[in-house]
Amino acid sequence: MELEILMKNLEKNNMKPYYCENSQEALELVKTLIPEGSVVTHGGSVTIAEIGAVDLVSNGNYKYLDRSKCKTDEEKQKIYRDGFFADVYLTSSNAVTENGELYNVDGNANRISSIAFGPKSVIVVVGVNKIVKNLDEAIYRVKTIAAPKNTVRLGLDTYCSKNGKCVSLNMECPKMSDGCHSPQRICCSYLVSGQQREKDRIKVIIVNESLGY
Ligand code: SF4
């Protein structure tokens, strides 16, 4: 599809679209979008680490809410909650549709709640590998790529971590929330971000590379 159409549709949905040729360009852009001194945090995201943005916020002049330093679940929960009041939230998206929607599925829901409301500015970095035609393709993408790869990465005991796809795809007409019943399931809450009320709160940086899952 024409990237130009996707960018226009994001803009129509009140999200600020950007295009970068590669990760380095994306990192430079991210830097300009985070004012010094900002309270900044991020969701669990391979993309954000891959472009170097985790290093950027760890070493820059920011108040970085760093969950990797948490020793207990309680501390982690606090960081998740504090993230709600951050100035800037960095994340990727599980998929972006040609219609300019972001589709995200979450286990703890801290990431999707921060995309929906809370942080003043949300920077979403997505590789072109995550662009899909519509929400049906977005749902399928999560069940066949994002969730299986993330459960392997996190060492979780789910059907998809062992079989490379969601168990729901063995059904004739799987619904969005059909899936396994593992206590370690990561598909618990589902968010579609369409037209936003607050213009440009969400910035979407499309990178012309394959990034994350
Ligand atoms: S519902 Fe379970 S099996 Fe299906 S994709 Fe999510 S974690 Fe994997």
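In this predicted model, strand β7, which spans residues 121-127, runs parallel to β4 and is joined to it by four bridges. Across this pairing, tyrosine 89 stands opposite valine 122 of β7. β7 also runs parallel to strand β10, residues 202-207, and here six bridges join the two; valine 125 stands opposite isoleucine 205 of β10 in this pairing. On another side of the sheet order, strand β2, residues 39-42, is linked to β4 by three bridges, again in a parallel arrangement, and the bridge partner of histidine 42 in β4 is leucine 90.

The pairings described so far can be set side by side.

| Strand pair | Bridges | Direction |
|---|---|---|
| β2 (residues 39-42) and β4 | three bridges | parallel |
| β4 and β7 (residues 121-127) | four bridges | parallel |
| β7 and β10 (residues 202-207) | six bridges | parallel |

These pairs belong to an open sheet of six strands, with parallel pairing and the order β1-β10-β7-β4-β2-β3. The edges are formed by β1 (16-20) and β3 (63-64), each of which has a single partner strand, so one side of each is left without a neighbour in the sheet. Within β4, residues 88-91, the side chains alternate: Val88 and Leu90 point one way, Tyr89 and Thr91 point the other way, and all of them are buried.

The sheet also bears on the nonpolar interior. The largest nonpolar core holds 47 residues, and those with the most contacts inside it are Ile123, Val124, Val125, Val142, Val204 and Ile205. In soluble globular proteins, nonpolar side chains tend to be buried together. Leaving aside residues up to four places away in sequence, valine 142 touches Asn94, Ala95, Val105, Ala147 and Cys187.

Which residues come nearest to the ligand? Of the 15 residues around it, these are Cys160, Cys166, Gly179, Cys180 and Cys187. Two elements, α7 (135-153) and α8 (159-163), give two or more residues to this shell, and α7 gives the most, with three residues. Sorted by class, the shell around the ligand is made up of eight nonpolar, five polar and two charged residues. Cys187 thus appears both among the residues nearest to the ligand and among the contacts of valine 142.

Serine 189 lies in strand β9, residues 189-193. Is this residue buried or partly exposed? Serine 189 has 15 C-beta neighbours inside 10 Å and therefore counts as partly exposed, because the buried class requires 20 or more and the exposed class 12 or fewer. Not counting residues up to four places away in sequence, serine 189 touches Asp106, Ala109 and Ile112. The C-alpha atom of serine 189 is separated by 28 Å from that of alanine 26, which is 163 residues apart from it along the chain.

Taken over its whole length, the protein chain contains eight helices and ten strands. Its radius of gyration is 17 Å, close to the 17 Å that the globule rule gives for 213 residues, so the chain is as compact as a globular protein of that length. Along the principal axes, the C-alpha atoms fill a box of roughly 50 × 45 × 30 Å. Of the 213 residues, 39% count as buried. Among contacts with a separation of 6 or more, 74% are accounted for by residues 24 or more positions apart.

Technical notes: Residues are numbered from 1 along each chain as its sequence is written. This is a predicted model: local features need pLDDT of at least 70, side-chain atom pairs count only at pLDDT 80 or more; totals for chains, interfaces and linings use all residues. A residue is near a molecule or strand if its C-beta atom, placed from the backbone, lies within 6 Å of it. Ala, Val, Leu, Ile, Met, Phe, Trp, Tyr, Cys and Pro count as nonpolar, Asp, Glu, Lys and Arg as charged, and the others, Gly among them, as polar. The radius of gyration is taken over C-alpha atoms; the globule rule is 2.2 Å times the number of residues to the power 0.38. Two residues are in contact if their C-beta atoms, placed from the backbone, lie within 7 Å. A nonpolar core is a set of buried Ala, Val, Leu, Ile, Met, Phe, Trp, Tyr and Cys residues joined through C-beta atoms within 7 Å. Two strands pair if DSSP finds at least two bridges between them.
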